[in-house]
Every structure is written in structure tokens, then in C-alpha cells.
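Hi there,

Here is the structure I promised to pass on. Have a look at it first, and then read on for my notes.

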Amino acid sequence: MKNKTALVLGAGGFIGSHMVKRLKAEGYWVRGVDLKYPEFSDTEADEFVIADLRNQSKVTTVLHLTETYGKGFDEVYQFAADMGGAGYIFTGEHDADVMHNSATINLNVLKSISLFSSPPKIFYSSSACIYPKGNQLDPDNPLCSEDSAYPADPDSEYGWEKLFSERLYRSFARNYDLDVRIARFHNIYGPEGTWEGGKEKAPAAMCRKVAEADSGVIEVWGKGDQTRSFLYIDDCIEAVRRLMHSECVEIINIGSEEMISINNLANMVLDIAGKQIELRNVPGPEGVRGRNSDNALIRKHLKWEYTHSLREGMNKTYLWIASQVDNSKEEKTYGKNTKKNS
Ligand code: NAD
């Protein structure tokens, strides 16, 4: 029997590259597509296509398998998006690109898939950023159950695009009889995620700041009492795979319920690193006041629980980012391809 086949869009990014590894470990034949190759390790995809998914004909081309593999893919994972952490999403400077680029990708993917006589099962990665800002004013009691999404009022254009695209995927599911699965990710983190350059998210940014500092102060954006929950990458991938195997067609949260303030996240990283450095809260983009995943629905449908505590996940992430920081210091000192001892 032939292997099952999967197309991973955004396979050069953080979650997409981890999904490729997981699908390969499960025996899938995988094609990855992205504007770039994964930054931190070689792709494990059988085929990797560099393509801009804002181009409709490119999308149609990558959705078609070669003769060897027959018609189309069994599964498509749509992770490609123009996104980043608070410094990218909440300043307002990238709103037009974020909305245009991501919406165009999703419009193209669905239009091309709708033309297949035997369309693949599709996963779409939405975000906790779709939840109304009015429900997330109290850092201690944010409301993020799936049914609280409407009346809609996300706090960023990134969130509005995700909400639009959720509706787009559901419309195509209804009108073109597509099998669509959608999850709202809540802050996924772990090794091999962006850790510098402006698109990094809070856990990676915190690890980098702590790894780089030996004295002085660590700056934390906002008052520091804003809360979030963070989910370790392996737990995210497991949840997505279960959703794809399940009968669940409801939109579900994929996140952790271990809520923590941003200052306490910074303190956790300092503790992991064994460093004593003062925190300083400075004005900066911070998003909603509080956010936590509500896992009642995913528990009910998928019997899924996250297995990494935040401390365990941050430990692994800190070790990886600290090694990246060391490598980049070495490169600056000895040159890019020069090993210290050679
Ligand atoms: P990422 O930025 O690491 O990966 C996205 C990838 O999409 C990048 O590699 C990028 O090059 C690619 N891409 C962007 N525009 C493209 C284009 N025009 N053509 C081809 N490829 C293009 O992000 P990630 O953290 O891996 O997130 C994956 C998905 O999950 C995204 O849709 C994101 O919005 C969603 N999400 C992530 C989180 C999180 O915490 N990481 C939270 C909520 C939702």
C-alpha cells in the first residue's frame, strides 16, 4: 500500500517544520512549501518547494502530486501566514501586509482545493487572537471559550484576518463539501522557533534577553502583570494530529491552561538560567491584559491534555536559545564558518 501523503504549507516556519518531522516519523510522504527553508535544521520533507503562496498558480501547482502519487494529497496543513510576536503584530506598522498576505494565501488555497474532484482533508491554524478584547481586560479572569468569539472584537488586525479566514474555511467546507479542521493556537513555543529579529514571541524573547545578559536589567514590555498561557510545540503537534484523525469539525482551542504573568515568565527564565538580574517594565506593545486557553472542548472531543508543564517546556527552550546565542557570539568573534578551535 502507498504511504499517506501530506502537504505542509509554511513548512519553513516554526510549527510547520515540526509538523513535517512528525508526519515523516508517522510514515507519510511529505511535500513542504514556503518562501524559505527552515532556519535551524534541514527539512525532513521528501520534497521542499520554495514558492510564494500569494500566487494562485503556484498554489495550484504545489497542491498536485506527481504521477507516482496519483491525484492529490490526503492531507493539507495550512500554517503559512505573515505573523510574529507582539513587536510585529501589535504596533500597527505591519497591519496591511499581515492582512493582505495571509488572507491572499488562504483565498488561494481554498480556491485551488475546491477545484479537486477528490479534495484533501485540510487543517487551518487560527489563533487565540480572534477572541474579543473586552473579554480579556482582567488579567486574572480572561474568557477564551470557543463560544465567546462572537460578538467579535479582536484587538489586532492579525486577529481579524484569522477570524475572516476561519469563516472562509467554513464557507468552503459547506459549499464545496470540504473536510476542514480548524484550531485556535494559544502561544506555541519551543526549540527551533524564531528567537531574534523582531518576529520572536514572548517566551523566545525572554530566553534570548536572559541568555544575553550577565548583569544590568532585563526589559519587559508593559506593566508585566498581563497574563498569558504558553503551549509547548510537541503538545501542539499531537493535538493537531488528533484533531485530523477525529470526527471533530468544531473549531477548538489548542493551548495550555497554565496562565502566568509576563513578569513571572521572565522570573522563571532567570531561575532556569541561574541568573539574578533585575526586571524593568518599560512601555511596549503588550496586547490584551489577560489570556488563557479554555480546554473544555478539546478535552471532550479529543481526550487531549498537554504533557509539558511550562517550566519543563521553558527549560528545553532556554537551553536551545542559549546555545543559539552562544553560536551567534562565536560567529561575531571568529567569523561565520570558523570554529573556535580550528
Ligand atoms: P512562522 O512565521 O514560523 O511560520 C509561518 C511560515 O509561513 C513562515 O515560514 C513564512 O515564511 C511562511 N510564509 C509566509 N508568507 C508566505 C507566502 N506568501 N508563501 C509561502 N510561505 C509563506 O509561524 P508559526 O509560529 O510556525 O505559525 C504557524 C501558523 O500558526 C501561522 O498561521 C500562525 O498565524 C498560527 N499561529 C501560531 C501561533 C504561535 O504561537 N506560534 C499562535 C497562533 C496561531
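Let me start with a question: in which hand does α6 pass α10 where they cross? The crossing is right-handed. Keep in mind throughout that this is a predicted model.

A bit more on that helix pair. The axes of α6 (residues 202-212) and α10 come within 9 Å and cross at roughly 55°. Angles from 35 up to 65 degrees fall among the oblique ones, so α6 and α10 are oblique to each other. On the α6 side, the residues that meet α10 are Pro203, Ala204, Cys207, Arg208, Val210, Ala211 and Glu212. Their counterparts in α10 are Met314, Thr317, Tyr318, Ile321, Ala322, Val325 and Lys329.

Helix α10 (residues 310-334) has a crossing with α8 (residues 262-273) as well: those axes come within 10 Å and cross at roughly 60°. That makes α8 oblique to α10, and α8 passes α10 in a right-handed crossing. Here Leu265, Met268, Val269, Asp271, Ile272 and Ala273 of α8 meet Leu310, Arg311, Met314, Asn315 and Tyr318 of α10. If you want a place to zoom in, try Met314 and Tyr318: α10 uses both of them to meet α8, and both are also on its list of residues meeting α6.

Now the sheet. It is an open one with 7 strands, and their order is β3-β2-β1-β4-β5-β6-β11, with parallel pairing. The edges are taken by β3 (47-50) and β11 (252-254); each has a single partner strand, so one side of each is left without a neighbour in the sheet. On average, neighbouring strands of this sheet are turned by 20° against each other, direction ignored. To see one pair up close, look at β1 (residues 5-9) and β2 (residues 29-34), which pair in the parallel sense over 5 bridges. Within that pair, Leu9 has Val33 in β2 as its bridge partner.

Next comes α5 (residues 157-176). Its 20 residues, at 1.5 Å a residue, should span 28 Å, and the end C-alpha atoms are 28 Å apart, which agrees. The buried residues of this helix are Tyr158, Gly159, Glu161, Lys162, Leu163, Ser165, Glu166, Leu168, Tyr169 and Phe172. What covers them? The cover includes three strands of the sheet, β4 (75-78), β5 (121-127) and β6 (180-185), along with the helices α3 (86-89) and α4 (95-114). Right after α5 comes Asp177, which has a positive phi, near 55°.

Finally, two single residues that I'd look at.

Gly13 is in the loop between β1 and α1 (14-25). With a relative accessible area of 22%, Gly13 is partly exposed. Leaving aside neighbours within four places in sequence, Gly13 is in contact with Asp34 and Lys36. Pro38 is 25 residues from Gly13 in sequence, yet the two are 6.0 Å apart in space, C-alpha to C-alpha.

His18 lies in α1. Is His18 buried or exposed? At 13% relative accessibility, His18 counts as buried, because the cut-off for buried is under 20%. Not counting residues up to four places away in sequence, His18 touches Pro191, Glu192, Ile233 and Ile237.

Over to you, and happy browsing!

Terms used: Residues numbered from 1 in each chain as written. Predicted model: local features only at pLDDT ≥ 70, side-chain atom pairs only at ≥ 80, totals over all residues. Heavy atoms only, no water. Pairing = 2+ DSSP bridges. Helix = DSSP H or I, 4+ residues; strand = E, 2+ residues; numbered from the N terminus. Axes fitted to C-alpha atoms, helices over the stretch in contact; angles between N-to-C directions. Expected span 1.5 Å × (residues − 1). Buried < 20%, exposed > 50% of the residue type's maximum accessible area, 1.4 Å probe, protein only. Contact = heavy atoms within 4.5 Å. Parallel < 35°, antiparallel > 145°, perpendicular 65-115°, else oblique. Left-handed = near helix turned anticlockwise from the far one by under 90°.
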